[in-house]
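This briefing walks through one protein chain for a reader at the bench, moving from confidence to strands, cores and individual side chains. Please keep the structure open beside the text while reading.

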Amino acid sequence: MAFVHLDVLCFYSLLICTAFSSVSSNAEIKVNPPQDFEIVDPGYLGYLCLQWQPPLFLDKFEECTVEYELKYRNIDSEDWKTIITKNLHYNDGFDLNKGVEAKIHTLLPPHCTNGSEVQSLWSEATYWKSPQGSQETKIQEMDCVYYNWEYLLCSWKPGLGVHFHTSYQLFYWYDGLDHATQCPDYIKVDGQNIGCRFPHLEASDYKDFYICVNGSSDSYPIRPSYFIFQLQNIVKPLPPDYLSLTVKNSEEVNLKWSMPQGPIPAKCFIYEIEFTEDDTTWVTTTVENEIRVARISNESQQLCFLVRSKVNIYCSDDGIWSEWSDEQCWKVTCLLLYKQKAVLKTIFQRKQEVFSHQDTFC
């Protein structure tokens with residue numbers, strides 16, 4: 001019995017030692033954070049590069065695939081963007097009107113660390129454009145429209161209280177350009193730049209488009225303004241044309257129109273129709289360029305409709321409605337009224353009811 005008791009004690013001692021050895025072994029596996037973590041501005045008006053170097057003493061994990069968890073955001077944002085990467089850099093767009101903050105740490109996968117993932121401490125970095133000029137000197141009411149998916153036009157108003165001689169300049173960049181480019185064709189009012197007509201923008205859709213409007217004045221510095229958008233989301237198409245309205249019968253009306261001219265594919269349109277029957281108006285939408293509607297009354301005297309177009313959710317996240325088309329109407333004519341009355345007269349005559357001679361005219 002003494003030997004059995006001794007063997008049980010030895011067995012439990014071995015288990016405890018093994019457990020502590022395992023904990024100790026895992027506790028000894030550590031990895032350093034990435035080195036030289038920084039946010040670099042290459043001059044692309046908000047498209048920044050986050051870059052870093054491998055951690056120190058990484059040669060101890062030569063058999064491991066080291067990854068990095070990167071988190072970043074504009075400083076006033078509530079949410080972090082997170083990516084896992086094996087690379088030593090990552091690029092993304094930021095609003096340079098605000099600061100940027102980012103943090104990164106090293107990850108060791110479980111197969112390298114006795115079954116549990118090991119993380120380093122965080123390494124952090126921030127970036128701010130050096131502020132210049134007061135907030136009031138920035139441009140106001142920036143508005144950009146990509147007309148008919150063909151040409152871009154932006155306009156703005158000068159900052160509050162700036163001198164008449166203040167000069168504003170617009171620069172833009174998107175992936176595909178070698179460097180930020182100044183507006184080649186300014187819109188001017190009394191010699192002051194208040195907008196830009198852009199040239200043809202090759203391969204610029206479905207990617208971030210960056211704009212900076214800065215300025216200069218002999219009296220004080222001007223604070224720059226930064227903007228990021230995607231061109232397909234600010235498209236304003238042409239209005240539809242060649243509208244037709246056909247009264248099929250006493251209960252149904254067929255409305256049809258031609259797709260707006262230009263490069264926008266037919267599948268990318270949504271249409272809004274405003275239909276009026278006498279004094280009643282209602283609005284509906286469709287992705288087709290034809291729709292049938294039911295009449296409220298077969299005695300209505302006038303039917304009218306007009307249409308406008310917009311890029312739909314299958315081709316963009318947002319868009320701008322076109323102007324309304326010209327109105328197309330159908331009216332009950334005198335001839336039609338005469339025929340209707342003639343029919344009624346015939347019916348009444350069969351019942352030996354006589355209409356007056358005046359009732360046969362409009």
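Two strands are taken as paired if DSSP finds at least two bridges between them, and strands themselves are DSSP runs of at least two residues, numbered from the N terminus. By that rule strand β18 (residues 241–247) and strand β19 (residues 252–258) are paired, since 5 bridges join them and they run antiparallel. The model is a predicted one, and its mean pLDDT over the protein chain is 84, with 84% of the residues reaching 70 or more.

**Confidence along the chain**

- Over residues 1–6 the pLDDT stays under 50, and the model has 0 contacts for this stretch beyond four places in sequence.
- Residues 8–26 also have pLDDT below 50, although here the model does contain 4 contacts beyond near neighbours in sequence.
- Where pLDDT is low, the predicted coordinates should not be read in detail.

**The β18, β19 and β22 strands**

- Strands β18 and β19 form a hairpin, with 4 residues lying between them.
- β19 is also joined to strand β22 (residues 290–294), again by 5 bridges and with the two strands running antiparallel; within this pairing, Asn254 has Arg292 in β22 as its bridge partner.
- Asp241 belongs to strand β18 and stands opposite Ser258 in β19.
- Not counting residues up to four places away in sequence, Asp241 touches Trp257 and Ser258.
- With a relative accessible area of 26%, Asp241 is partly exposed, because that class covers values between the 20% limit for buried and the 50% limit for exposed.
- Asp241 and Arg308 are separated by 67 residues in sequence, while their C-alpha atoms are 9.3 Å apart in space.

**The open sheet**

- An open sheet is formed by 4 strands in the order β12-β11-β15-β16, with antiparallel pairing.
- The edges of this sheet are β12 (181–182) and β16 (225–229), each of which has a single partner strand, so one side of each is left without a neighbour in the sheet.
- Inside the order given above, strand β11 (residues 167–174) and strand β15 (residues 209–216) run antiparallel and are joined by 8 bridges, and Phe171 stands opposite Cys212 in β15.

**Nonpolar cores**

- The largest nonpolar core contains 43 residues, and those with the most contacts inside it are Leu152, Leu170, Phe198, Phe209, Ile211 and Leu255.
- A second, separate core has 29 residues, among them Phe37, Tyr68, Tyr127 and Tyr210.
- Phe198, when residues up to four places away in sequence are not counted, touches Leu152, Leu153, Cys154, Leu170, Tyr172, Phe209 and Ile211.

**Lys236 and its surroundings**

- Lys236 is found in strand β17 (residues 235–236), and its relative accessibility of 17% places this residue among the buried ones, because buried means under 20%.
- The side chain of Lys236 makes a polar contact with the side chain of Glu323, at 2.6 Å.
- Once neighbours within four places in sequence are left aside, the residues in contact with Lys236 are Val145, Tyr146, Tyr147, Asn148, Ile320, Trp321, Ser322 and Glu323.

**Salt bridges**

- Taking a salt bridge as a side-chain nitrogen of Lys or Arg within 4 Å of a carboxyl oxygen of Asp or Glu, the count comes to 10.
- One of these joins the side chains of Lys71 and Glu69, at 4.0 Å from N to O, and Glu69 counts as buried at 16% relative accessibility.
- Another pairs Asp76 with Lys98, whose closest N and O atoms are 3.3 Å apart; Asp76 lies in the loop between β3 (67–74) and β4 (81–85) and Lys98 in the loop between β5 (89–93) and β6 (100–108), so the pair ties together parts that are 22 residues apart in sequence.
- Asp76 is exposed, with a relative accessible area of 51%, whereas Lys98 counts as partly exposed at 33% relative accessibility.
- Lys98 forms a salt bridge with Asp95 too, the closest N and O atoms being 3.6 Å apart, and salt bridges with shared partners thus join Asp76, Asp95 and Lys98 into one network.

How values were computed. Residues are numbered from 1 along each chain as its sequence is written. This is a predicted model: local features need pLDDT of at least 70, side-chain atom pairs count only at pLDDT 80 or more; totals for chains, interfaces and linings use all residues. Side-chain values use heavy atoms; hydrogens and water are left out. Buried means under 20% relative accessible area, exposed over 50%, partly exposed in between (1.4 Å probe, protein chains only). A polar contact is a pair of N or O atoms within 3.5 Å; within protein, one must be able to donate a hydrogen and the other to accept it, and residues adjacent in sequence count only if both atoms are side-chain atoms. Contact means heavy atoms within 4.5 Å. A nonpolar core is a set of buried Ala, Val, Leu, Ile, Met, Phe, Trp, Tyr and Cys residues joined through side-chain atoms within 4.5 Å. pLDDT is the predictor's confidence in each residue, from 0 to 100.
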